[in-house]
Amino acid sequence: MSTEVTLARVTRSEWTKLWSLRSTRWSLLVACLAMAGLGPLIAVVSMAHWNQLGVGQRLTFNPLERSLGGYRLAQLAIGVLGVMVISGEYSTGMIRSSLMAVPKRLPVLWAKLLVFSGVAFVLMLITSLISFFAAQAIFTQHHVNQTLSSPHALRVVVGTVLFMSLTGVLCTALGTIIRSTAGSISAYVALMFVLPGLSDILPSSLSNAINPYLPSVAGTEVASTYAQPYTFSAWGGFALFCGYTVLAVAVAAYLLRRRDA
Amino acid sequence: MIEVSGISKRYGERLAVDDLSFTVRPGVITGFLGPNGAGKSTTMRLILGLDAPSSGSALINGKPYRELRSPLHEVGAMLEARAIHTGRSGYNHLLALAQTQGIPRKRVDEVIDMVGLQSVARKRVGGFSLGMGQRLGVAAALLGDPKTVILDEPANGLDPEGIRWIRNLLKGLAADGKTVFLSSHLMSEMEQTAEQLIVIGKGRLIADTSVAAFVAQASSGAPVRVRSPDGAALSAALIGAGARVRTEEDGAIGVQGLTIEQVGELAAAERLVLHELTPVQLSLEDAFMSITKDSVEYQQA
């Protein structure tokens, strides 16, 4: 039997690495619980208060996005885990063992991205569907429920899952570039959560020009039912977010190859 | 076979490894000796492709490490710094490494048995003692049954029984025709384990020789111990012949600057009775001290 290092073998190795850490299992559990559980919870609360809502609020009630309301918390767990997939190797020195086993280095990064984004996609797809169907079942109380064939529904569900999976990829790239867990998570939070807030305090002409290009705004277009003013289309924004991610991965790959481990 | 030629590594202003060249041959244990900060670990990292050299090259079985297609079968290495995720069990650590090149699970169990970690292999590495960590590192190095084994300070943290175990293990590997290269700051350990020796100081090569020749070289300027009932006369005669002498606590005289033959002949010519005439055997540690001290002084001059 051949004993060469192949991408398939490194991928198996990364699969083992991912599931053999307690921190991974906990983060994934948190992400799944948030994604599957918060939507139905929000649905129960909204239905309980339905009679207090005004006509305007009832008209703008968005059962599609409400059913997937857990994604913000799940995204945070996925992002943190995406960082730790590589930063945990730097902090413990494991990276040296990994790179000695795979001296070409890049297969380690590709395998990590493949395994983690694959796992994130499958788990988030399952939990998003659970959340969607459970929440819609609750929305039947006041007949505001939707189905997957309702306008935009399938695109929003799949788009939410794609956005979260790609966030994982972006975070693994950030972790590879920055190497420290704390630094990488700070960068992720600054990029996705702080930057939009900063943009909001700018004069509106400026913030309207900048906003659509923010990764958090561009990336979530595909997870929104309707396009917001001054933004890209759903898939246009997603394409831009993909572009940012590819750029981050390219920088990560360059640095991983060039830097001393 | 490890061939290092003209390798240098600069970290900013500091030259950690300075134009180092040596060859490590199969079938013998080659020791890598030098004081802390001499550049031993850096040299090993350069050989293992973890750091890129500023100039020069290091080849393993004729190839740079980064070009090895099946590295764990060519080289097994254990670095001094920990290179294991503390949250993972020893078994899963080894399994993940094995899977990168299709090494079967059976072999993972084998190396765990070889290093005696059966009882703790399923526990998280974070709870391991230093000695257990070293054993796990050795297990990882042996995973691919490699032709070359590189170990950085393998005796660190091992108890005397563990040190004996690793010494026998390494001797067995060398006897199988493998290339064994290990660094240590325990010079007594080197003297008992290694046959060949590569000595560096301040990133430069100081000696590339056998352990026996290294001790002999360092002993050439070593003192001679001589004892006579008429010590005062003997001292005077020795000083007259140009030697430096020092009277020891037990009345013996330490002589430097004359060979043992010259001391004996001088005593005979002066008709002095001798009760003892012995060469002072330098340990590897003393040899190392005397040779590196010279190189340090030479550099400062």
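Let me begin with a single side chain, B:Glu110, which at 36% relative accessibility counts as partly exposed. Please keep in mind throughout that what we have here is a predicted model. The side chain of B:Glu110 meets that of B:Arg107 in a salt bridge, with 2.9 Å from N to O, and both residues belong to helix H4 of chain B, residues 105-115, where they sit three residues apart, about one turn of the helix. The partner, B:Arg107, counts as buried, at 15% relative accessibility.

That pair is local, and I would like to set it beside some others. Over all chains, a search of the whole structure finds 16 salt bridges. One of them joins A:Glu14 to A:Lys112, whose closest N and O atoms are 2.9 Å apart. Here A:Glu14 comes from helix H1 of chain A, residues 7-19, while A:Lys112 comes from helix H7 of chain A, so the pair ties together parts of the chain that are 98 residues apart in sequence. Are these two charged residues buried or exposed? A:Glu14 counts as buried, at 4% relative accessibility, and A:Lys112 is buried as well, with a relative accessible area of 2%. The pair also belongs to a network of salt bridges, in which A:Glu14, A:Lys17, A:Glu89 and A:Lys112 are linked.

In chain B, the side chains of B:Asp51 and B:Arg45 meet in a salt bridge at 2.8 Å, again from N to O. B:Asp51 counts as buried at 2% relative accessibility, and B:Arg45 counts as buried at 17%.

Staying with charged residues for a moment, consider A:Arg105, which lies in the loop of chain A between helix H6, residues 94-101, and helix H7, residues 106-139. Because its relative accessible area is 2%, and the cut-off for buried is under 20%, A:Arg105 is classed as buried. What is A:Arg105 in contact with, once its neighbours within four places in sequence are left aside? In chain A the contacts are A:Leu99, A:Leu256, A:Arg257, A:Arg259 and A:Ala261, and in chain B they are B:Gly49, B:Leu50 and B:Arg66. As a point of reference for distance, the C-alpha atoms of A:Arg105 and A:Arg22, which are 83 residues apart along the chain, are separated by 25 Å.

Let me turn now to the nonpolar interior. The largest nonpolar core has 133 residues, and those with the most contacts inside it are A:Met124, B:Phe22, B:Ile47, B:Leu48, B:Ile150 and B:Phe181. The largest share of this core, 12 residues, is supplied by helix H8 of chain A, residues 153-178. If we take B:Leu48 and leave aside its neighbours within four places in sequence, we find it in contact with A:Met100, B:Tyr65, B:Val75, B:Ala77, B:Leu79 and B:Ile150.

Two of those contacts, B:Val75 and B:Ala77, lead us to strand E5 of chain B, residues 75-78, which is covered on both faces. B:Val75 and B:Ala77 are on one side, B:Gly76 and B:Met78 are on the other, and all of these are buried. The general background is that in a regular strand the side chains alternate between the two faces of the sheet. Strand E5 of chain B pairs in the parallel sense, over four bridges, with strand E6 of chain B, residues 148-152, and B:Met78 stands opposite B:Leu151 in E6.

There is also a second, separate core of 13 residues, which includes B:Val226, B:Leu234, B:Leu238 and B:Val263. Helix H9 of chain B, residues 231-240, is where B:Ser235 is found, and B:Ser235 is buried, with a relative accessible area of 14%. Not counting residues up to four places away in sequence, B:Ser235 touches B:Val245 and B:Ile253.

Finally, the surface. A nonpolar patch of about 600 Å² is made by A:Leu73, A:Leu76, A:Phe193, A:Val194, A:Leu195, A:Leu198 and A:Ile201. The elements that give two or more residues to the patch are helix H5, residues 71-92, and helix H9, residues 181-200, both of chain A. Which helix gives the most to the nonpolar patch? That is H9 of chain A, with four residues. From helix H5 of chain A we have A:Leu73, which is partly exposed, with a relative accessible area of 44%.

Methods. Residues numbered from 1 in each chain as written. Chains lettered and ligands numbered in written order. Predicted model: local features only at pLDDT ≥ 70, side-chain atom pairs only at ≥ 80, totals over all residues. Heavy atoms only, no water. Patch = residues over 30% accessible without salt bridge, like charges linked within 9 Å, V, L, I, M, F, W, Y side chains within 5 Å. Areas by Shrake-Rupley, 256 points an atom, 1.4 Å probe, with all protein chains shown as cover. Salt bridge = Lys/Arg side-chain N within 4 Å of Asp/Glu carboxyl O. Buried < 20%, exposed > 50% of the residue type's maximum accessible area, 1.4 Å probe, protein only. Core = buried A, V, L, I, M, F, W, Y, C linked by side-chain atoms within 4.5 Å. Contact = heavy atoms within 4.5 Å. Pairing = 2+ DSSP bridges.
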